[in-house]
Every structure is written in C-alpha cells, then in structure tokens.
Amino acid sequence: PTEETFPEIMSFFKYNPQYIRPEIMKLEPKAAIPPHAHIPISHYHSKEYLYNMALNYPEGCRFGFIEGGYVPYKPGDWYKLFINYDHCVINDSDEDRYHLVWKDSNAN
C-alpha cells in the first residue's frame, strides 16, 4: 500500500512505527494458497509472527492451520499468528479476498 492508494492504512503505520512492512494480498475467487509455512520446520526455534487482517472476508473463504483448525475471521478482524506452522487459504466465493499483513519492527 502507498499513501495515495490506501491513506488510512498508511496513516496507521506512520503513527505506529512499532509495525513495519505492510502488504496487501489478493486472493481471486475460487483460488487457494496451498499449505505452507514461512520458515522451515528445522528453524522452529526462530519464532516468526505475522499480523493478519481481513480487509474483507467473502462467505466461502477459509484460513486455517493444518494442525490448529480455522481462524474465525470476519472483515476487520486481525490476529497475530505464528506462521511457522503449515497453514492455507481457500477462497470458495465469487469475489476477491483482500488481506493485510505486517510485522513487529523487532521481528526476525
């Protein structure tokens, strides 16, 4: 996001410097992100968290951890998730799903 395209989001990050690297992600209708982890299992001692916010959450979307179940998102919800564990996303709807992610400034 930029200040031109998403002024409210960027204002939040400007006044909250403890958060860094905002990214907006789009998942098209009927698309999926297969199971994955952001850090290989051999590096689980390195705890990586990522803030995840549902900008919208069309009916039919599911975000879940393979061994933990679904995250009960609603539009506007945000969670600090441990992304070293396998997780995936399914958008079984007819509209794009938009999601905002960011990190703590002291993140690894």
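At 46% relative accessibility, Arg21 counts as partly exposed, and this residue is a convenient place to enter the structure, which is a predicted model. Arg21 belongs to strand E1, and its phi angle is near 50 degrees, a positive value in a residue other than glycine. A second residue with a positive phi is Lys30, where the angle is about 65 degrees although Lys30 is not a glycine. Lys30 sits in the loop between E1 and E2, and it counts as exposed because its relative accessible area is 53%, where the cut-off for exposed is over 50%.

From these two residues the view can widen to the whole protein. Its secondary structure consists of 1 helix and 8 strands, and along the sequence these elements follow the pattern α-β-β-β-β-β-β-β-β, with the helix ahead of the strands. Among contacts between residues at least 6 apart in sequence, 74% join residues that are at least 24 apart. Of the 108 residues in the protein, 34% count as buried, while the accessible surface comes to about 6,900 Å², with 55% of that surface belonging to carbon and sulfur atoms.

Two cysteines can be placed in this picture of burial. Cys61 has a relative accessible area of 9% and is therefore buried, and Cys88, with a relative accessible area of 18%, is buried as well, since the cut-off for buried is under 20%. A disulfide is a covalent bond between the sulfur atoms of two cysteines. In this model the count of disulfides is 0, by a rule that asks for a pair of cysteine sulfur atoms within 2.5 Å.

The last feature to follow is the largest pocket, which holds about 180 Å³ of space. Of the 15 residues that line this pocket, those closest to its centre are Met25, Ile33, Asn52, Phe63 and Val89. Several strands take part in the lining, for strand E1 (19–27), strand E2 (31–36), strand E3 (49–54), strand E7 (87–91) and strand E8 (97–104) each supply at least two of its residues. Sorted by class, the lining has 8 nonpolar, 5 polar and 2 charged residues. The pocket thus leads back to the starting point of this tour, as strand E1, one of the strands that contribute to the lining, is also the strand in which Arg21 lies.

Notes: Residues are numbered from 1 along each chain as its sequence is written. This is a predicted model: local features need pLDDT of at least 70, side-chain atom pairs count only at pLDDT 80 or more; totals for chains, interfaces and linings use all residues. Side-chain values use heavy atoms; hydrogens and water are left out. Helices (H or I, at least four residues) and strands (E, at least two) are DSSP runs, numbered from the N terminus. Buried means under 20% relative accessible area, exposed over 50%, partly exposed in between (1.4 Å probe, protein chains only). Contact means heavy atoms within 4.5 Å. Accessible areas come from the Shrake-Rupley method with a 1.4 Å probe; for residues, only the protein chains shown count as cover. On a 1 Å grid over the protein atoms alone, a cavity is a set of points where a 1.4 Å probe fits but cannot get out, and a pocket is an open set with protein on both sides within 12 Å along at least five of seven lines; lining residues have an atom within 4 Å of a point. Grid points are joined across faces, edges and corners, and a volume is the space filled by probe spheres set on the points. Ala, Val, Leu, Ile, Met, Phe, Trp, Tyr, Cys and Pro count as nonpolar, Asp, Glu, Lys and Arg as charged, and the others, Gly among them, as polar.
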